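User: Hi! Could you walk me through this one?
Analyst: Happy to, let's look at it together.

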Amino acid sequence: MQLRDYEIVWILGGGAGEKEGETSAEKIRALVGSLGGEVGEVNPWGKRNLAYPVENNTEGYYIEAQLKLDPASSPQLEQACNADREIIRHLIVRK
């Protein structure tokens, strides 16, 4: 299995804070681990204003993480992020 480097940035709703961010990061860490990958550095960026309202939120709690993952498993990570109701936006890019 060839692991590739990815970066993921996700935004939690405006009501989220540091505690919710840590919980969400642990969920991502567990999910990536179950897919055979590994999460490196996780950087919470904190609350920021959104450029436009997303699901009635004018601000969001941003989190960024570096990870290694098998390319065949990346669609499963994408689906899990889409299914998570706390995540209002996310972006996964290959480095």
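**Strands, a helix and a glycine**

Analyst: Let's start with strand E1, residues 4-12, which pairs with E4 in the antiparallel sense over 7 bridges. Keep in mind that this is a predicted model.

User: Sure. Which residue in E4 is the bridge partner of Leu12?
Analyst: That's Ile87.

User: And in what order do the strands of the sheet run?
Analyst: The order is E2-E3-E1-E4, 4 strands in an open sheet with antiparallel pairing. Strand E2 (38-54) and strand E4 (87-94) are the edge strands, each pairing on one side only. From one strand to the next, the twist averages 20°.

User: Nice. Which strands does helix H2 touch?
Analyst: Helix H2, residues 74-83, packs on the sheet and touches E1, strand E3 (57-69) and E4. The direction of H2 makes about 165° with that of E4.

User: Switching topic: where is Gly60?
Analyst: Gly60 is in strand E3.

User: Buried or exposed, that Gly60?
Analyst: Buried, because its relative accessibility is 0%, and the cut-off for buried is under 20%.

User: What does Gly60 touch, leaving out residues up to four places away in sequence?
Analyst: One group of its contacts is Ile11, Leu12, Gly13 and Gly14. Gly60 also touches Gly46, Lys47, Arg48 and Leu50. Leu12 is the residue we met earlier, with Ile87 as its bridge partner in E4.

User: And how far apart are Gly60 and Gly15?
Analyst: In sequence they are 45 residues apart, while in space the C-alpha to C-alpha distance is 7.7 Å.

Definitions and conventions
Residues numbered from 1 in each chain as written. Predicted model: local features only at pLDDT ≥ 70, side-chain atom pairs only at ≥ 80, totals over all residues. Heavy atoms only, no water. Pairing = 2+ DSSP bridges. Helix = DSSP H or I, 4+ residues; strand = E, 2+ residues; numbered from the N terminus. Axes fitted to C-alpha atoms, helices over the stretch in contact; angles between N-to-C directions. Contact = heavy atoms within 4.5 Å. Buried < 20%, exposed > 50% of the residue type's maximum accessible area, 1.4 Å probe, protein only.
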